[in-house]
Each structure stands twice: as structure tokens, then as C-alpha cells.
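Q: Please take me slowly through one chain of this model, with a close look at how its strands are arranged. I am new to this structure, so explain each term as it comes up.

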Amino acid sequence: MSTKKSCLIIDDDPDDQDIFRLCIRDIDPDMECNALGDSVAAVSMLSEGSFALPDFIFLDVNMPKLNGVECLKTLKARGAAGKTRIYMYSTTSEAAMVAQCNELGASGFIVKPASPVELRQILNSILNSANTSLENSTQQ
Amino acid sequence: MNGQQVEQGADHFSRIKDVYKKMVEEIQDYAIILLDKNGIIRNWNKGAEKIKRYKDTEIIGKHFSIFYLPEDLAIQLPRQLLMQAEETGRATHEGWRKRSDGSRFWGSITITAVHDDDGAVIGYCKVTRDLTDKKMAEDQLRMSEERYHQMVAEVQDYAIILLNKQGFIENWNAGAEKIKGYRAEDIIGKHFEIFYPTADRESGLPMRLLHVARTSGRATHEGWRVRKDGSRFWGSITITALHGKDGTVIGFTKVTRDLTEKKLAEDKLAAYTSELEIQNRELEQFAFVASHDLQEPLRKIRTFAELIRENFNDEALAKNYFVRLETAARRMSELIRSLLNFSRLTRETTHFEDVDLNEILQDAKQDFELLIEERHAQIISGPLPYVSGNRLQLGQLFSNLISNSIKFCQTDPVIRITATTVNGNEITDAAPGVDDKQFFKLTFSDNGIGFEEQYKQLIFSLFQRLHGKHEYAGTGIGLALCRKIVENHNGYIDASSRPGQGAVFNIFLPCRQ
């Protein structure tokens with residue numbers, strides 16, 4: 001059983017993709033990190049299985065055509081998320097939207113920080129706490 | 001015996017005559033006077049003294065015309081009454097009389113002729129009643145009734161109508177004429193449902209209101225009513241049942257007020273309020289998306305600045321981050337500029353003049369001269385109309401649509417611009433009430449990448465983009481701006497397309513503002 005973790009960021013902004021991947025690489029150089037810019041294509045690839053489900057998906061909210069909330073809804077509705085933890089990843093947060101995402105089964109809502117140091121901290125705690133809980137679930 | 005009997009009889013008779021005389025003398029409520037055939041007073045009772053305030057000693061021997069007023073004497077009323085009594089046996093009269101002190105009373109009199117055994121008139125009996133109190137009360141009542149009728153008749157601001165128990169009009173006042181336009185002679189006898197619009201008549205509203213008034217005493221309603229000339233007014237009505245002595249309904253009064261102005265003011269206020277609410281929601285949304293979209297480049301600027309600090313020694317990497325930082329800063333300026341443009345576009349500041357759209361197109365072509373040459377773009381247009389509008393805003397509209405068509409095109413752009421005239425009913429999603437209005441329809445069609453049908457509404461939303469930022473640059477404000485400009489001109493904009501088939505934008509501007 002491979003211990004190598006994988007994550008996927010879906011964000012139409014190439015800068016944000018790069019910043020995210022940079023931070024992930026700094027935290028865990030072994031983690032496989034992919035980026036997709038087109039949410040419609042990403043959702044169909046994931047639900048058809050042509051793109052292997054990663055351990056984590058980070059979903060930008062404000063995307064053209066299919067926004068992050070719609071992506072989350074579609075993935076969950078199709079049962080295409082499996083054990084994958086999905087985090088929302090947005091410039092701004094709005095209480096109603098955060099609540100909606102929680103209800104739809106998102107594992108968390110991250111407001112994109114303005115500092116890479118901060119982003120590394122957030123990602124670090126997510127990946128580590130997820131580690132623990134995943135271990136817990138395998139023990140049972 | 002016989003003689004005694006006669007004597008007894010005569011005695012008895014004379015006693016009765018005495019009693020009778022006394023009775024007449026004692027009567028207090030009637031003046032009973034004996035006149036001789038010339039009208040001279042020969043006898044006087046207590047009632048006469050009480051009513052006319054003469055003592056018998058003062059009055060006996062005087063002519064009875066002493067009780068009459070000068071105007072009655074002038075027409076010889078006392079003489080005529082006597083003559084009538086002589087000829088027909090009896091005369092009656094009612095009128096003002098005067099007392100000894102000069103004060104007046106309302107007398108009701110009967111003069112009866114008294115005949116001798118041969119049938120010749122030998123005198124008259126005059127009976128007078130003092131009906132002053134009754135007369136005053138009657139006069140009071142009559143005057144009050146007259147005043148009341150006058151009041152109802154002359155009230156201008158309320159239509160006050162009397163209906164019979166089936167709802168037919170029996171009475172009509174000045175206010176009813178003023179409000180409903182019918183004259184009394186046109187309308188009395190008609191049914192009151194004539195004031196109701198056809199739909200209300202068909203649904204039975206008038207009869208329902210009568211029924212409510214009949215069963216609960218009163219019915220009120222507000223709604224549109226119809227005048228004689230067919231125009232409408234907003235009536236506030238109250239129908240009240242009128243009851244007879246036995247408690248049954250004998251008719252109705254209907255009071256109507258014309259509250260059209262109030263109603264229109266209320267409607268206007270409601271429309272204004274809802275407009276404000278819409279604007280408020282738009283503003284909230286605007287603030288939210290604006291802050292969101294402005295955050296984004298700012299966040300990148302800070303991120304790249306930090307990354308540059310972390311990698312200060314790696315010159316190539318730092319240089320790359322600098323370029324991206326500058327791009328983000330440029331994008332920020334661009335966004336702020338467009339947002340300013342957008343927020344300045346309020347309806348209140350829109351100044352209208354006659355604008356030649358051919359000129360507007362010419363100007364736009366000049367602005368894009370370089371881009372058009374670079375992209376080998378063609379703009380083909382027919383003659384365009386003059387419209388009443390804002391020159392700057394219409395210029396912006398043309399620029400945005402043309403630059404959009406050039407931007408979202410992967411071959412040599414071909415843009416066709418045509419104009420026709422259409423009726424309001426040919427516009428989908430047009431506001432109610434513009435069906436008969438004439439609109440200029442401007443059509444911009446291109447051979448660009450187009451978009452999927454499902455996004456045809458979404459593309460006009462602020463900051464809504466259909467493409468990733470790496471594919472096509474832009475702020476997501478352009479088409480939102482177009483829609484706002486068209487709305488400022490009381491017009492409509494729609495779009496249709498299929499991916500790869502080009503896009504068509506239709507703009508409808510009113511021929512008359």
C-alpha cells in the first residue's frame with residue numbers, strides 16, 4: 001500500500017495554481033499535486049474515472065461556467081468523491097455559502113491567504129490532521 | 001200634570017242649556033266664539049281668552065277680523081271665510097293670527113254657520129285651536145329635511161346615491177355627477193352595477209356587496225370603477241342598508257369617494273420602494289463581487305512580494321515573480337477603472353440628446369483602428385438610425401460589443417451590424433405595457449467562438465466570465481456595462497449563440513424616449 005499522498009487543485013487562475021503547488025511542494029515534496037483550470041472538464045474526468053481520485057481536492061469557488069459550489073454538488077451527487085476530502089478554496093467567504101458547502105459535504109472552507117507562509121500553515125494543518133483521522137479510520 | 005210636565009220640561013231644558021253654555025265657556029283648549037251674521041263677536045269662552053288674551057268685556061261687540069294680520073285683511077280673508085261658511089255651511093283655515101298683545105299664534109279655525117228654523121243664517125260659531133307648537137315643530141322638521149336634502153344634493157366630493165332594495169338607483173347628487181359623469185336624468189332607474197368594470201360585473205362583485213350590506217348592515221370595498229366616458233377611477237365605497245319600521249331592508253345608501261390620486265400616489269410609492277429595494281440588492285451584490293474581484297489581484301501582489309523576498313538570491317525566479325506581480329497590479333488598475341465606469345452609469349445622470357448611431361459606429365471603428373488591422377477584422381454595417389440617447393454611453397456600448405466580438409474570435413473577425421424597427425411585443429422579457437411601443441432593433445452578429453445557450457443570461461452579470469483567465473483576458477464587466485447602458489435607455493439587450501457558431505447580440509432602444 002502506497003503511503004504517497006495526492007492532491008488536486010481546481011482553479012481557473014494560473015497564478016493561484018502555481019502558488020498553491022509551490023506551497024504544497026514546500027510542505028511535502030513527495031506529495032503528488034495536480035492542477036486543472038477547467039472545472040467542467042475536471043468534474044467529468046473525475047466522475048468518469050479517467051482522472052484517479054486524489055486524497056484531497058481543493059476547489060476554487062469563483063470559476064466560469066461551473067463554480068466551485070456547483071462542482072462540489074455534482075461530485076457528491078454522482079458519488080464520485082469516494083474517500084476524497086474536498087476543501088473549498090476561495091478569495092472571499094460568505095457565511096451562507098460556507099454553510100451550504102458544509103451541508104454539501106465539504107471538509108472545510110479556506111479563504112485564500114495573502115501570504116504563502118500562512119497558506120503553508122493552513123495546508124500543513126489540513127494534511128496532518130487528515131493524516132491522523134485517516135489512520136484512525138483504518139484502525140477501526 | 002201636563003202643565004207641570006211642560007214646566008218641568010222647560011225647566012229641565014233651560015238647565016241643560018245653562019250647563020251647555022257653561023261647558024262651552026269653560027273649555028280651555030279651544031276658543032269657541034259666537035259671531036253674529038255680520039261677524040261681530042257676541043260670545044267668548046275661557047279658551048278664547050287663553051288663546052287670544054282678550055277679556056270678554058274688551059272683545060264682545062268687536063268684529064272678529066281683529067285677530068287677522070294686515071296682509072290677510074288686505075285680501076279680505078275674514079269676509080271670504082264668512083261667505084264660504086254661509087254658502088257651504090262651513091269654512092276652515094290655518095294661518096298666523098295675532099293676540100291682544102300683538103304676539104302671533106298659528107290658528108287652525110273652523111267657522112260653522114248657525115241657522116234659524118227657516119234655514120236662514122243667523123250667526124256663526126268659530127272654533128280656533130292654537131297649533132303654534134305643532135306648526136313650529138313641523139316647520140323645524142321640514143327645514144331640517146330641506147337642509148339635509150340640499151346638503152346631500154350639493155356635496156361634491158362624495159357620490160351619495162340611494163338604491164332600492166334590488167340595487168336600482170333612486171337618487172343622485174352633485175358629487176355622484178362629478179365623480180361618475182352621469183346626470184341624474186341619465187342614471188336614475190339604472191342598476192348600480194353599471195359603475196363596475198366588466199370583469200367585476202361578471203364575477204358578481206356588485207351583487208355580492210349588496211348581499212353583504214343586506215346581511216351585515218354594511219359593505220365596504222375599494223377598486224377601479226368606470227365613469228360614463230369609460231375612463232376609470234379608484235373608488236372607495238360604503239354601502240349601508242336602510243331598514244323599514246319592521247326591520248326589513250327597504251334600500252341602500254351608497255357613498256363613493258374618488259381616491260384615484262391617492263391610489264396613484266400609493267402605487268407610485270410602492271413602485272419607487274420596490275425599485276429602491278432592487279437597487280439596494282444590486283448595490284449589495286455589487287459591493288460583494290467588487291470586493292471579491294479587487295481582493296484577488298491585491299492578494300497576488302502580496303503573495304508575489306513575499307515570494308520575491310523568500311527567493312531574493314534566485315534572480316531568475318525573482319524576475320518571474322516580479323512580472324506576475326506587475327501583471328496583477330495592472331489588472332487591479334483596470335478593474336478599478338471599469339468599476340468606476342460602471343458605478344457612474346446611474347439612470348439619474350443620463351443626459352439624452354439626438355444621437356446618430358452611424359457616427360457612433362464610425363468613432364468606435366476609429367478607436368479600434370489598430371486592433372482591427374492587427375486582427376484583420378471586418379465590420380459590415382447597414383444604415384443605422386438616429387436615437388434619443390446618451391452619446392458617451394452609446395459609444396461605450398458599441399465599443400464593448402465590437403471589442404468583445406474581436407476578442408472572442410479565433411479567425412479573422414467579421415462583425416455585422418444591422419438595424420430594423422420592431423414592436424415591443426417582439427421582445428422577449430420586455431416589461432409589461434411596452435407591447436405597442438416602437439423599438440429600434442440593433443443586431444451585432446459575429447463569427448467568434450460563441451457560447452452555450454445556457455449562458456445567454458449569465459454573460460450580462462457583473463464579473464461573470466465564461467472563460468478561464470489564461471484563455472481570454474478581461475474583467476467580467478464589459479457586458480454588464482452594456483446591459484446597464486441599454487437599461488438606462490429604457491431598452492433591452494439579449495444574446496443568442498451556439499459554441500463555434502458566432503454570437504448574436506440584439507439591442508432594443510425605444511424610438512421615442
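A: The answer below follows the sheets of chain B, then turns to one of its helices and to its contact with chain A. This is a predicted model, in which local features need pLDDT of at least 70 and side-chain atom pairs count only at pLDDT 80 or more, while totals for chains, interfaces and linings use all residues. Residues are numbered from 1 along each chain as its sequence is written, and chains are lettered from A and ligands numbered from 1 in the order in which they are written.

One open sheet of chain B has 5 strands in the order β2-β1-β5-β4-β3, with antiparallel pairing. Strands here are DSSP runs of E with at least two residues, helices are runs of H or I with at least four, and both are numbered from the N terminus; two strands pair if DSSP finds at least two bridges between them. At the edges of this sheet stand β2 (41-43) and β3 (90-98) of chain B, and because each has a single partner strand, one side of each is left without a neighbour in the sheet. From one strand to the next, the twist averages 35 degrees, where axes are lines fitted to C-alpha atoms (for helices over the stretch in contact) and angles run from 0 to 180 degrees between N-to-C directions. The edge strand β3(B) is joined by 9 bridges to β4 (residues 104-115) of chain B, the two running antiparallel, and T92(B) stands opposite T110(B) in β4(B).

Another open sheet of chain B also has 5 strands, in the order β7-β6-β10-β9-β8, and its pairing is antiparallel. Its edges are formed by β7 (169-171) and β8 (218-226) of chain B, each of which has a single partner strand, so one side of each is left without a neighbour in the sheet. Neighbouring strands in this sheet are turned against each other by 35 degrees on average, direction ignored. At one edge, β6 (residues 158-164) of chain B runs antiparallel to β7(B) and is joined to it by 2 bridges, with L163(B) opposite I169(B) in β7(B). At the other edge, β8(B) pairs in the antiparallel sense with β9 (residues 232-243) of chain B over 9 bridges, and T220(B) has T238(B) in β9(B) as its bridge partner. These two strands, β8(B) and β9(B), form a hairpin with 5 residues between them, and G230(B) in the turn has a positive phi of about 90 degrees.

Next comes helix α16 (residues 478-488) of chain B, which is largely enclosed by the rest of the structure because 10 of its 11 residues are buried. A residue is buried if 20 or more other C-beta atoms, placed from the backbone, lie within 10 Å of its own, exposed if 12 or fewer do, and partly exposed in between. Among the buried residues of α16(B) are L479(B), R483(B) and N488(B). Their cover includes α12 (315-344), α15 (391-407), β16 (492-497) and β17 (503-510) of chain B. After α16(B) comes N490(B), with a positive phi near 55 degrees.

Finally, the contact between the chains takes 17 residues from chain B and 17 residues from chain A, two residues being in contact if their C-beta atoms, placed from the backbone, lie within 7 Å. On the side of chain B that touches chain A, helix α11 (residues 260-310) of chain B gives the most, with 10 residues.
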